[in-house]
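Work through the following exercises with the structure open beside you, and try each task before you read its solution.

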Amino acid sequence: MSDDAATTGKPLFTPFNVIAGIIVVLGLIVTVLRFTAGLDAVTNLSDYNPWGIWIGFDLLVGVALAAGGFVTSAAVYLFGMKKYHSAVRPAILTGFLGYALVVIALNYDVGRPWRLPYPFIIQQGTTSLLFEVAACVALYLTVLFVEFSPAAMEWLGLKRARKLVVRLTILLTIFGVVLSTLHQSSLGALFLIAPAKLHPLWYSPYIPVFFFISAIIAGLSMVIFESTLSHRFFADKMDEAHLKEKDTVALGFGKAASLVLAGYFIIKVIGISESNNWHLLPTNYGLWFLVELLGFIALPSFLYAVGVRDKNIKLIKWTAAWTVLGIAINRLNISLIAFNWHLPASERYFPHWMEIVITVFLVTLGILAFRFIVTRMPILYSHPDYEDH
Amino acid sequence: MSITRRKFLGWLGAATAGTTIGKTANAASNKQFSGYPNSMGVLFDNTRCIGCRKCEEGCNKVNELPAPDKPFDDLTVLDTKRRTDPKAYTIVNRFDAVSNANIKGPLYRKVQCNHCLEPACASACFVRAFTKTQKGAVIYDESVCVGCRYCMIACPFEIPTYEYDSAFDPRVMKCTMCSPRIEKGLLPGCVQSCPTEALTYGKRTDLLKVARRRINKFPDRYVNHIYGEKEMGGTNWLYLSAVPFKEVGMREDLGATPAPKLTAGALSGVPIVVGLWPVLLTGIYAMNKRKEKIAKEETNLAVAAAVEQANAEAKANQKAEIEALNKMKQKEIDNAVKKALEEAAKPEDEDEGDAQSEKAEKKPSEEGS
């Protein structure tokens, strides 16, 4: 990732390119297998376990980690925190690619992907939370595409179109926040219908709120995490404003993440109280729940606070990575680990290696697309011919 | 980052609106759906079941399902616990440990779709592939199914199965209560082939009475519970058992809440978010914009005032300078005049000296004027 063959003429066979190439080839082979031989040939999905990592990781984790787009654009354009302006474009791009990959992953997971538009054009199952998720994800992907488009238009020199889109910024931002609130929370609400299958420590009537709040945390942490990686690999693409604002963004977003994590910790504890599940804590699942609650919510909240107080950017960056991991674990707990906890081990799910290949393949595609775009379009710098918006 | 009072209030409002998600909308409602009137059902009595698998065979035949790996008269398949699968809408499991002393031998449990009064699968389907018919059956329309398998997540009885091995037209497979047959007035396949009347088909309301009567007549034989009367809001399929239902692999912790009620609260939050968020966010945006505008105006005013003051001071300075300059020049003139007069007053002055002094007198006065 440190070098870019496409624009600088450096050798094509760098270690990163070779590994990415192998993953892409493997991914394409499994893709062919998936669409010619069916889900059974490449997954461990079963009648007890209809959802695997393509939903648990690619959809649930993917959408949560792509929340940086709406969080950053709301902070800058609606809440008036202009000093974080340089973080908007990378966050929107990460969000857009994240959602695009979610939709691609869904095409692998559902039985008849060519029917994905059916819920909108044939029959609307409006009593389903999945309908809400589908509608919001489809609309939000469009919003993110439009929000991202000025960068592409600057690259292509489409001045008039860009001017038009930039005028819509506030409208798009508000629309994005509304849609994100809805589908981030609905992804959690999907599990409200299965109290008999999800472990009571994770099942809660507040699960939509938990999902929304933790998505904000994921979004804030991903912005810091992504900026760390970008700075490491694409520092040459960054202009002065980005380099200067980098630490401001880490401090500001770290502070916000610390506060939101503290609030999240409190509502999680209220959740245990509401369902009166204290007696479940000294069980195996209870201990795992405590690992999540203390290790991935309370601890990062504290570490972020220390990092901001001491202006310790390094600590903030590591905490961001830790928090992102914690949110991923939370989503996997709810969809896979604590789901179907009542079943004997022989009937539980563990991903097939080819399912993992597809997931890694899609993440690799995302990284490649990110690299392709930031090395060409004004994402990490402001285009000299255009004013910031 | 400084938090102003206005910003804080904005966030407080946002947080308040956020908490409206997740409340149970119908918690205080008196609306209740207790099934379509005259809907049909089946009562399964496990004290009468002999585990002959004839119901499985009947089901397989009327639904034209593929032939099983082992023939239906092979009872060794009962040695392992099974579940419904895409090739079997119904299966029978054997339970050897029997805690009721009045019952001899093992007990059996037939598994198939329970046909909920308010089905979780139908509530969860985002393309309305499931329908609850007036007769009570929950049926599936494969022509619209996308294959998301959320119905399988939602079903508390773990009934729907999926044709994972099909690449191009996988279907959700589950018992239809033989809906096409019961619409024609025929019995469901399993009921028709049961040799021991372990299965009774009839109106659900009648079946409840039959079940209650059996419990009252043989209180030692049955546990005092009709499974399916209340479970998940009630099902069209009902069960009687000689032992607690847990012992024959049926969950007793499902509760009496129908599945749609579990998600009603979250769904009711949607219009609230759609209605309130834009207002709130536009408000926050407007407040910030106004704050910026006022700050800009204040800056402009301050700048203007500063400029004016600077101008006034500059003018005053200029005036003073000019005056000082004039004064200086006047002094020079005076000095020159004085000097000239002094020179003129000297007695030993010659003509040349006179002429020179005249020049000297003239020059400064010219410059001064």
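**Exercise 1.** How many residue pairs are in polar contact between chain A and chain B, with both residues at pLDDT 80 or more?

*Solution.* The model is a predicted one, and between its chain A and chain B the count is 34 residue pairs in polar contact, both residues being at pLDDT 80 or more. As a next step, look at which elements supply the side of chain A that touches chain B: those that give two or more residues include α2 (15–37), α8 (129–156), α10 (169–189) and α11 (207–233) of chain A. Among the contributors, α10(A) gives the largest share, namely eight residues. Finally, sorting that side of chain A by class yields 42 nonpolar, 16 polar and eleven charged residues.

**Exercise 2.** Describe the extent of the contact between the two chains, and find a salt bridge that crosses it.

*Solution.* Begin with the residues: chain A brings 69 residues to the contact, and chain B brings 63 residues. Then turn to area, since the size of an interface is often given as the accessible area lost when the parts come together. Chain A and chain B bury about 5,800 Å² between them, and 62% of this lies on carbon and sulfur atoms. On the side of chain A, the residues that lose the most area to chain B are Asp47(A), Arg112(A) and Ile193(A), which together make up 14% of what that side buries. For the last step, the count of salt bridges between the chains is three, and one of the pairs that meet in this way is Lys82(A) with Glu292(B), at 3.0 Å from N to O.

**Exercise 3.** Why is the pair of Trp54(A) and Tyr108(A) classed as edge-to-face?

*Solution.* First consider the geometry: the ring centres of Trp54(A) and Tyr108(A) are 5.9 Å apart and their planes stand at 70°. Planes over 60 degrees apart count as edge-to-face, so the pair belongs to that class. Next, place the residues: Trp54(A) is in helix α4 (residues 53–65) and Tyr108(A) in helix α6 (residues 88–109) of chain A, so that the pair links distant parts of the chain, 54 residues apart. Both Trp54(A) and Tyr108(A) are buried.

**Exercise 4.** Which parts of chain A does the pair of Phe210(A) and Tyr264(A) tie together?

*Solution.* This aromatic pair is edge-to-face, with 6.4 Å from centre to centre and 80° between the planes. Phe210(A) lies in helix α11 and Tyr264(A) in helix α12 (residues 240–274), so the pair ties together parts of chain A that are 54 residues apart in sequence. To finish, check burial: Phe210(A) is buried at a relative accessible area of 6%, and Tyr264(A) is buried at 1%.

How values were computed:
Residues are numbered from 1 along each chain as its sequence is written. Chains are lettered from A and ligands numbered from 1 in the order in which they are written. This is a predicted model: local features need pLDDT of at least 70, side-chain atom pairs count only at pLDDT 80 or more; totals for chains, interfaces and linings use all residues. Side-chain values use heavy atoms; hydrogens and water are left out. Contact means heavy atoms within 4.5 Å. Buried area is the accessible area (1.4 Å probe) that two parts lose on being put together, summed over both. A salt bridge is a side-chain nitrogen of Lys or Arg within 4 Å of a carboxyl oxygen of Asp or Glu. A polar contact is a pair of N or O atoms within 3.5 Å; within protein, one must be able to donate a hydrogen and the other to accept it, and residues adjacent in sequence count only if both atoms are side-chain atoms. Helices (H or I, at least four residues) and strands (E, at least two) are DSSP runs, numbered from the N terminus. Ala, Val, Leu, Ile, Met, Phe, Trp, Tyr, Cys and Pro count as nonpolar, Asp, Glu, Lys and Arg as charged, and the others, Gly among them, as polar. Rings of Phe, Tyr and Trp (its six-membered ring) pair if their centres lie within 6.5 Å; planes under 30 degrees apart count as stacked, over 60 as edge-to-face and the rest as tilted. Buried means under 20% relative accessible area, exposed over 50%, partly exposed in between (1.4 Å probe, protein chains only).
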